[in-house]
Amino acid sequence: ALKTGLGVASLDNGTPGDGFDTLTAAQARRLACNARIIPAVLGTHSEILDLGRGARLFTKAQRRALLLRDKTCRAEGCTIPGTWTEAHHLIPWSHGGATDLDNALLLCSRHHHRAHDDTYDMTRLASGDYRFHRRR
């Protein structure tokens, strides 16, 4: 409801009927943003898996989830174990990318540096791995 603007929020500190106990969805979104309250997706043991834009670095729980999914560096042909890799934002944080599993993959240090090198492009393969190639 907060996304569509059709819902209302309520406060627990208002006196019922005083006109200050409910907020519009837009007011609630603005208050949540100003307070840095963000949606969080929790795993089965209440560990945070998705923090949206609230945190730039991946949490330990997110790293564990990436290790289960990716297992190794996701660069084509690279067999560096996932425990030796770095979590990479597919859409960079500086360009609005979220710190969540859908925007992340594991890359070894070499391929992570290459992912941030403007002289290379990354192409996603059908396998989910990424191919690096020099820009022309």
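**Figure 1. His88, a buried residue of strand S5 in a predicted model**. His88 counts as buried because its relative accessible area is 4%, where buried means under 20% relative accessible area, exposed over 50% and partly exposed in between (1.4 Å probe, protein chains only). The residue belongs to strand S5, which spans residues 86–89; helices (H or I, at least four residues) and strands (E, at least two) are DSSP runs, numbered from the N terminus. A polar contact of 3.2 Å joins the side chains of His88 and His112, the term standing for a pair of N or O atoms within 3.5 Å, of which, within protein, one must be able to donate a hydrogen and the other to accept it, with residues adjacent in sequence counted only if both atoms are side-chain atoms. With neighbours within four places in sequence set aside, His88 is in contact (heavy atoms within 4.5 Å) with Phe58, Asn103, Ala104, Leu105, Leu107, His112, Ala115, His116 and Met122.

**Figure 2. The second largest pocket and its lining**. The second largest pocket holds about 270 Å³ of space, and the residues closest to its centre, out of 15 that line it, are His88, Leu90, Pro92, Ala115 and His116. A pocket is found on a 1 Å grid over the protein atoms alone, as an open set of points where a 1.4 Å probe fits, with protein on both sides within 12 Å along at least five of seven lines, and lining residues have an atom within 4 Å of a point. Grid points are joined across faces, edges and corners, and the volume is the space filled by probe spheres set on the points. S5, helix H3 (109–115) and strand S7 (120–124) each supply at least two lining residues, and the largest share, three residues, comes from S7.

**Figure 3. Thr119, in the loop between H3 and S7**. Thr119 counts as partly exposed because its relative accessibility is 35%. Its side chain makes a polar contact of 2.7 Å with the side chain of Asp117, while, apart from neighbours within four places in sequence, Thr119 is in contact with His133, Arg134 and Arg135. Between Thr119 and His133, which are 14 residues apart along the chain, the C-alpha separation is 8.5 Å.

**Figure 4. Two exposed loop residues, Asp102 and Lys71**. Asp102 lies in the loop between S5 and strand S6 (104–107), and it is exposed, with a relative accessible area of 74%. The C-alpha atoms of Asp102 and His89 are 9.2 Å apart in space, for a distance of 13 residues in sequence. Lys71 is placed in the loop between helix H2 (60–70) and S5 and is likewise exposed, at 52% relative accessible area. The phi of Lys71 is near 65°, a positive value in a residue other than glycine, whereas most residues other than glycine have a negative phi.

**Figure 5. The chain that frames these views**. Three helices and eight strands make up the secondary structure, following the pattern β-β-α-β-β-α-β-β-α-β-β along the sequence. Of the 136 residues, 31% count as buried.

Residues are numbered from 1 along each chain as its sequence is written. In this predicted model, local features need pLDDT of at least 70 and side-chain atom pairs count only at pLDDT 80 or more, while totals for chains, interfaces and linings use all residues, and side-chain values use heavy atoms, with hydrogens and water left out.
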